[in-house]
Structure formats: C-alpha cells, structure tokens
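Me: Let's zoom in on just one part of this model: the loops. I'm after the odd backbone spots there, plus any side chain worth a closer look, with the cut-offs spelled out.

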Amino acid sequence: MFDAKFVRNNIEAIEQMTARRGEPFSLDGFVQLDEENSHLRTRLEEIQHKINVVSKKIGQLKRENKESSLLQEEMKDVSAEIKELKKKKVEVEASIQEILLRIPNFPHASVPEGKGEEDNPEVKRWGRPPEFDFPPQAHWDIGEKLDILDFKRGAKLAGARFTLYKGLGARLERALINFMLDVHTREKGYQEILPPFMVNRATMTGTGQLPKFEEDLFRVFKDENEDFFLIPTAEVPVTNIYSQEILEPGRLPVYFTAYTPCFRREAGSYGKDTRGLIRQHQFNKVELVKLVEPENSYQELERLLGDAEDILKRLDLHYRVVTLCTGDIGFAASKTYDIEVWLPGQNAYREISSCSNFEDFQARRASIRYRPVSGAKPEFVHTLNGSGLAVGRTLVAILENYQLKDGSVAIPEVLRPYMNGLERIESESSTRAV
C-alpha cells in the first residue's frame, strides 16, 4: 500500500499504471478528500492556537481577579467545534485509507505490456508431452472409473466445487503433500510452518486480499470485535508472521513453506471449469514464502521459480513458464511467473504455480521491516511467494499424464516410497467403498 504523500505526488503515474493494468483507477476522489483533510488539519491547528492564546489570557485575568466568564463561554463553543472537526477528520482519513488500499502495485519494468492471459509471453518449456496409442481421458473420468474421486458425494456433502477423495486417491494427495514438503525443507532450506487456517481482517488486508477481493473469500463469522475468514492460500498467514515487527540484522532472508487447505468462493468464475478438480472451493496447496532484502528480491524470484519447477521435474511432468503481462498480473504483484503443466486429457496447459515478487507492497500494508545493520533505520522487506505446488492440480496432472491403456495409472517413481511401494493405481486397488 502506498502512503498518502506518495500518492499525492504521483497522481498521473498511478493513473497511467492502473490503465496499463487494464483497470483504470481515477484518483479524483482521493484528491478531493486529501484537500478536505488538509483544510480540516489547518482549521484544527488554528483553533488550537486560539485555545492556547485564550487560555493564557483567562489565566492572566484570574490571577488579576478579573472577569473571564465570556472567554470561558467562548471556549465551550470552540471545544464543541474541535470535537466535530476531529470526528469529521477521522471519517475523511478512513475514506482516504479505503482508496489507498485499493491502489494496485506498480509492475516491474521487465513486465511485458498486454491486455490479458493471451498476451503472456512464454519464457521456457521443460520435457515433452507423453505420447499415447489411445485417446487420453480427462482426470474426472479416470478418477471415477478408478473409484478414487467422488464428485457426486462431494457435492452432496458440501455443494458444487467440492470433491471427495477416496482410498488411493486420498493417499496420493497425501503423498504429494509429504513429497513436496520434504523436498522444500530437506533440500531447499525452507522452514516448515503449520499456520492457522482462519485469520482476521487485518491479516487479510496485509497481503492484499482485502478490501478488493472480499467477495472471493469465505467469511466464517464476526464477533463483537473482529471478522474472521478462511484462508484462500497459506500466503496470507505465513507472510504476516512478522507483521508489525522489525527483523534485526542477520535475520534475512527468511524462507517458509506450508501445507494448508485453501478456501475460495471463485465468485468471478461462474460456469468455468465446472468439471473436475481444476477450480474448487476447497483445495490443498504447498506454499513457498520468502522475506528478503530488497536488493536480492529478483534473484530470489528466479530461485523461487526454480524450486517450484523442480517438483514438476522430479515428477517428470511436462510444463511451460510464462510471464504475466500488465493486464493479467495480480493486484499486489510487481512481477509474476506462471508455471503451466500439460494436461493431455484436456489438450491444454493449466496453471499449477504462480511465483511472484511483491517488492515492498505487502510489507508496507503489514508493516514488516528489517534493520540492514545494527542501529540503522528500519526499512521494508520485500516479500515473495509461490505455489510449490497446487496439490490437487498436481494430482490431476499425474492422472492424465501417467494414465495407461488398461485404465490404470502409473505412480511416478519419486512418489512410490510415499505409497508403500505401490507402482500403479488399478480399479481393484480401491479396497473399500465409501
């Protein structure tokens, strides 16, 4: 989030930036409120000066045993005006804050221009799509035939866009979570975190989900003091671990990884991906979060991307990487790479990870700072995150890429130790009906 002074001095640049993002944002309202706030501040200063002068005069009159009632009565009227002005100033500043919270981040200079996902340039590819001597099936057909995914009963239990994993389907999901966490913690230097799956409004605001994306969130309840929301991603609680704190010299970089379920209303996706696991209200994800010094953040972004890619490489899944253009990049991000895995059953690439550098945008909102050296003035950290990976979509990719002609699915070698040595999922392998 940008402060009022920065916005005041960069009106044109901000409006041009939001236009490049495809979401023009007029700051006329901010200018009007900012001017009103300035007038209120000036008037309060004038009145305070008057109070100081008159108070001294009243004191002097009292010391001289002279009449001061008229001045005291005048001060009552002034006190009432101050109360009203302060109330109005609080309201105006709250309105200004609401506008500031809705201004998106500036894209990095290297982010390509574009209107939407069709303009995202491809950066690289890895591997090759599998070749089949039969028509490949989509994961929803594979999962139902193997009796490891139950879409109807998931919908019965919770509604559309919820799925019941069964037997080896549930075990494969758990194997993927454990495999990802083991790679990131044992080999990549990330500290594992198990955060709350429900957070307050301040935490959601810190990473940029609120106020702009409230309709996409599940609000659980509101007590007399606070709203609570189910997390849409582990990015939210994990990035905020050091909110309102100052990290002392030597504490950076900080690398965190966390498995959590994620909850999203998908309010803007009506009619999209209604079949299968691609767009669910609840799904599992292993997240990677970094807090780093500003001068290293773009090197850290490349490493973050590499850590997410490494999971797909070990699973031998073909993918490509694209850079999100100005019209497709997320609200809080300065630069984002999307990793898109190949799904032969759908004959398409689908996003399986987004890796983003937010620079100091989230750190300003959440007040996450560090001291470069002892005694130095605190500065804002740069925050990054990426999926390492979206677990359900990884399971989709395995079902579709490792399907066999007889209807079974081979298990990637790196996952077999997590599956008790099992080499394939066959229909008869689901030993118990639900």
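Reply: Here is a walk through those loops, with the ground rules up front.

This is a predicted model, so to speak of a local feature here we need pLDDT of at least 70, and side-chain atom pairs count only at pLDDT 80 or more, while totals for chains, interfaces and linings use all residues. Residues are numbered from 1 along each chain as its sequence is written, and side-chain values use heavy atoms, with hydrogens and water left out.

I'll place each loop by its flanking elements, which are DSSP runs numbered from the N terminus: helices are H or I with at least four residues, strands are E with at least two.

Let's begin with the cis peptide bonds. One joins leucine 210 and proline 211, with omega about 5 degrees. Proline 211 sits in the loop that runs between helix 8 (201–207) and strand 6 (219–222). Another cis bond goes from leucine 252 to proline 253, and there omega is near 0 degrees. That proline 253 belongs to the loop between strand 8 (245–247) and strand 9 (254–263).

Next, positive phi. Aspartate 147 isn't a glycine, yet its phi is positive, near 60 degrees. You'll find aspartate 147 in the loop between helix 5 (139–145) and strand 2 (149–150). Asparagine 347 isn't a glycine either, and its phi is positive at about 55 degrees; this residue lies in the loop between strand 12 (335–343) and strand 13 (348–357).

How accessible are those two? Buried means under 20% relative accessible area, exposed over 50%, and partly exposed in between, using a 1.4 Å probe and protein chains only. Aspartate 147 has 28% relative accessibility, so it counts as partly exposed. Asparagine 347 is at 60%, so it counts as exposed.

Finally, a loop residue that is tucked away: threonine 163, between helix 6 (151–158) and strand 3 (164–165). Its relative accessibility is 17%, so threonine 163 counts as buried. What does it touch? Leaving out residues up to four places away in sequence, threonine 163 touches Leu149, Asp150, Phe151, Gly154, Leu277 and Gln280, where contact means heavy atoms within 4.5 Å. With glutamine 280 there is also a side-chain to side-chain polar contact of 2.7 Å. For that term, think of a pair of N or O atoms within 3.5 Å; within protein, one must be able to donate a hydrogen and the other to accept it, and residues adjacent in sequence count only if both atoms are side-chain atoms.
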